Amino acid sequence: LREQENFKDIPHQGQLDLFLKLCDWTHRQWQVSVPDPYPLSNALAILADIRSGKTGGFCGQYAYVLADVLKAMGFFSVRYVELWSARGESHFVVEAWSDQYGKWMVLDPAENLFYAFQGSDQPANALEIRSALSRPGQVDARSAGLPRISLGSKKMHLYANFAVSTRSDLMRLDKPLTVQDRFDMFVFFKDG
């Protein structure tokens, strides 16, 4: 993956800037479309299948590609986060470990955004975004692409419920993940 794609030469200033530029790179690889047939859960297969017109890709494929891109760059602490709102809408994003901030941070390549605490550049993780739902104005969405503008509360309502993957080593799977496969490898966050 690292040898076949051009993300390895992206100039950056620090880890956060690199993560955001990799999120933006992933976002720009194709237009959101329906993955039918559903591709394998790795960047090489997804990029080949979408570029050839065999299938499409939406949030899940963007997340799988970004996770593999981060791992190809040497950042192996990545996990998938499945989200769903109180209204039943769902979405799929990535959390990556930020050494710069000593915490997990959300990257949403389908929407090309991340979340940060207002008044700072400190990125937010899924739990912090969820907690901010009851405290408006604490966290906002920001564009991962340049210029990095505030996007308000874009997609934050989806963090009402979430599950975090216990693995991200999907490159060698020889068939697409099923819904049951995802349930088996995710830890679901629930509270009152």
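This passage looks at two pockets and one loop serine in a predicted model.

Start with the pockets. The largest one comes out at a volume of about 250 Å³, and 13 residues line it. Nearest its centre sit F58, C59, G60, H91 and F92. As for secondary structure, α3 (59-72) and β2 each put at least two residues into this lining. By character, the lining of the largest pocket splits into seven nonpolar, three polar and three charged residues.

The second largest pocket has a volume of about 210 Å³. Its lining is made up of L1, D68, K71, A72, F76, S168, D169, L170, M171 and R172. Sorted by type, the lining of this second largest pocket holds five nonpolar residues, one polar residue and four charged ones.

Then there is S85, which sits in the loop that links β1 (78-84) to β2 (90-98). Despite the loop setting, S85 counts as buried, because its relative accessibility is 4% and the cut-off for buried is under 20%. The S85 side chain also makes a polar contact, reaching the backbone nitrogen of R87 at 3.1 Å. Leaving aside residues up to four places away in sequence, S85 touches H157, L158, A160 and N161. Put together, S85 is a buried loop residue with a side-chain link to the R87 backbone and contacts to H157, L158, A160 and N161.

Note on methods: Residues numbered from 1 in each chain as written. Predicted model: local features only at pLDDT ≥ 70, side-chain atom pairs only at ≥ 80, totals over all residues. Heavy atoms only, no water. Helix = DSSP H or I, 4+ residues; strand = E, 2+ residues; numbered from the N terminus. Buried < 20%, exposed > 50% of the residue type's maximum accessible area, 1.4 Å probe, protein only. Polar contact = N/O pair within 3.5 Å; in protein donor to acceptor, adjacent residues only side chain to side chain. Contact = heavy atoms within 4.5 Å. 1 Å grid on protein atoms, 1.4 Å probe; cavity = no way out; pocket = protein on both sides within 12 Å on 5 of 7 lines; lining within 4 Å. Points joined across faces, edges and corners; volume = space filled by probe spheres on them. Nonpolar A, V, L, I, M, F, W, Y, C, P; charged D, E, K, R; others polar.
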